[in-house]
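Thanks for sharing this one. Here are my notes, set out point by point so you can follow them with the model open beside you.

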Amino acid sequence: MLRDGAMRGKTIIVTGGGTGLGKSITRYLLQLGANVTICSRRQAVLDETARELMSEPDRPADAGEVLAIQCDVRNPAEIEQVISQTIEKFGKIDGLLNNSAGNFISPTERLSYKAFDTIVDIVLRGTYYFTLAVGKYWIENSIPGVVLNISTTYASTGSGYVVPSAVAKGGALIMTKSLAAEWGKYGIRLNAIAPGPFPTKGAWDRLFPEPLASVMDPTKRIPLKRVGEHGELANLAAYLLSDYSGFITGETVTIDGGEVLAAGEFNHLEQVSSEQWDMIEQSIKQANRASKKEGQ
Ligand SMILES: CCCCCCCCCCC/C=C/C(=O)SCCNC(=O)CCNC(=O)[C@H](O)C(C)(C)COP(=O)(O)OP(=O)(O)OC[C@H]1O[C@@H](n2cnc3c(N)ncnc32)[C@H](O)[C@@H]1OP(=O)(O)O
Ligand SMILES: NC(=O)C1=CN([C@@H]2O[C@H](COP(=O)(O)OP(=O)(O)OC[C@H]3O[C@@H](n4cnc5c(N)ncnc54)[C@H](OP(=O)(O)O)[C@@H]3O)[C@@H](O)[C@H]2O)C=CC1
């Protein structure tokens with residue numbers, strides 16, 4: 001979507017950049033010329049992703065570089081390491097993509113305290129720890145940075161069976177808006193993306209495992225009747241991390257093929273056939289005529 005070299009000179013940290021959506025967004029940021037630090041718990045996964053992204057056949061000559069650093073986002077000391085090593089290698093930090101997450105479906109009453117804590121700590125604590133650390137660096141150095149948080153549509157609607165994730169993503173979304181208001185005076189922007197279903201191994205293994213996958217089609221309730229493509233999300237993420245979105249802050253952009261609109265009272269009427277609509281129309285018109293007669 002953005003022109004070639006649109007992110008040249010920018011350095012972005014992508015948490016969870018070794019897999020799934022974080023990896024796809026990193027690939028696109030590199031193509032646009034940004035340098036990217038990817039970080040997560042598994043150094044071997046990060047190293048393999050870095051190797052793959054740096055040796056892609058269609059990698060532009062002026063593409064950015066990747067730095068892979070092990071970091072558990074629940075650990076402030078490890079976050080500080082990511083920040084100092086990124087500055088040492090690339091000179092500065094311009095953007096932070098909070099993308100790391102943990103999640104799985106489960107009836108909430110089956111969860112242990114530790115299970116609930118595990119998700120909330122990765123998603124909420126990890127997001128505010130990283131944002132606080134990078135934000136302090138930006139304010140101290142008068143850098144107008146940008147934070148982009150990968151949220152979900154149910155951060156606003158709520159959802160059963162993923163309650164720790166909903167609680168944590170909801171908290172992170174309110175942090176996005178709150179800090180957008182507070183840090184606007186420093187030129188720092190914070191936005192969020194709320195994706196619908198985008199197939200990744202991490203999400204599908206934990207949210208759409210067998211036997212669900214054999215019996216349910218997640219595209220049925222999506223108005224556009226398909227799941228998202230990684231390139232579609234990467235385009236939006238790159239735009240929101242770039243200077244082209246310079247007047248957007250505190251915003252959440254939903255990218256879900258219309259899935260959240262499913263709550264619409266009459267949307268289920270798409271199951272009504274054309275013949276049934278003929279009958280319905282006649283029935284309503286007959287009622288209209290009868291009520292007019294009553295009024296005469
Ligand atoms: C119907 C169609 C749906 C289609 C899909 C649509 C999707 C659209 C919307 C999705 C929105 C959000 C998506 C995401 O966030 S996707 C990201 C998914 N990726 C990950 O989760 C990657 C990282 N995850 C992990 O590493 C692990 O899953 C985990 C989060 C559990 C953390 O691992 P860790 O090793 O740190 O922790 P433990 O294994 O020790 O577990 C900690 C406690 O949690 C309990 N647990 C784990 N799994 C379950 C389960 N399935 N049910 C109940 N409890 C579970 C575990 O037992 C530990 O607790 P205890 O020590 O008390 O037993
Ligand atoms: N796929 C989808 O349909 C949707 C995804 N999302 C969101 O998109 C983002 C990416 O998810 P997706 O790509 O699907 O799934 P992945 O499982 O591929 O990505 C999650 C990433 O988080 C990292 N991570 C987990 N725990 C930690 C931790 N404690 N510290 C640092 N990193 C951690 C994992 O790496 P490691 O294990 O090495 O730590 C992994 O790279 C998440 O925020 C998710 O909530 C939102 C809506 C829909």
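1. Does Ser142 count as buried or exposed? Keep in mind that this is a predicted model. Ser142 has 8 C-beta neighbours inside 10 Å, so it counts as exposed; the cut-off for that class is 12 or fewer. The residue is found in the loop between helix 4 and strand 5. Its backbone deserves a look too: phi is near 50°, a positive value in a residue other than glycine.

2. Lys225 makes a good companion case. It also has a positive phi, of about 60°, although it is not a glycine. You will find Lys225 in the loop between helix 8 and helix 9 (230-241). With 11 C-beta neighbours inside 10 Å, Lys225 counts as exposed.

3. One more backbone detail concerns the peptide bond from Glu210 to Pro211, which is cis, with omega near 5°. Pro211 sits in the loop between helix 7 and helix 8 (212-215).

4. Now to helix 1 (20-31). Its twelve residues should span 16 Å at 1.5 Å a residue, and the end C-alpha atoms are 17 Å apart, so the two values agree. The helix is mostly covered, with eleven of its twelve residues buried. The buried set includes Lys23 and Arg27, along with Leu21, Ile25 and Leu29. Just after the helix, Gly33 takes a positive phi of about 105°.

5. Helix 1 also matters for the surroundings of ligand 2. Which element gives the most to that shell? The answer is helix 1, with three residues. Helix 4 (113-140) and helix 7 (201-207) each supply at least two residues as well. In total, 30 residues surround ligand 2, and the closest are Gly16, Gly20, Arg41, Ala101 and Gly202. Sorted by class, this shell has eleven nonpolar, 15 polar and four charged residues.

6. Ligand 1 has 23 residues around it, of which Gly102, Asn103, Ser112, Ala115 and Gly202 come nearest. The elements giving two or more residues to this shell are helix 4 and helix 7. Its make-up by class is twelve nonpolar, eight polar and three charged residues. Gly202 is worth selecting in your viewer, as it is listed among the nearest residues for ligand 1 and among the closest for ligand 2.

7. Why can strand 6 (residues 189-195) be called largely enclosed by the rest of the structure? Seven of its seven residues are buried, so the description follows from the count. Both faces take part: Arg189, Asn191, Ile193 and Pro195 point one way, Leu190, Ala192 and Ala194 point the other way, and all are buried.

8. The strand pairing gives that picture some context. Strand 5 (residues 146-150) runs parallel to strand 6 and is joined to it by five bridges, with Val146 standing opposite Arg189. Strand 6 is also joined to strand 7 (residues 252-255) by four bridges, and these two run parallel as well. In that pairing, Ala194 stands opposite Thr254.

9. If you have time for a short tour, I would begin with the exposed Ser142, go on to the buried residues of strand 6, and finish at the shell of 30 residues around ligand 2.

Key:
Residues numbered from 1 in each chain as written. Chains lettered and ligands numbered in written order. Predicted model: local features only at pLDDT ≥ 70, side-chain atom pairs only at ≥ 80, totals over all residues. Near = placed C-beta within 6 Å. Nonpolar A, V, L, I, M, F, W, Y, C, P; charged D, E, K, R; others polar. Buried ≥ 20, exposed ≤ 12 C-beta atoms within 10 Å, placed from the backbone. Pairing = 2+ DSSP bridges. Expected span 1.5 Å × (residues − 1).
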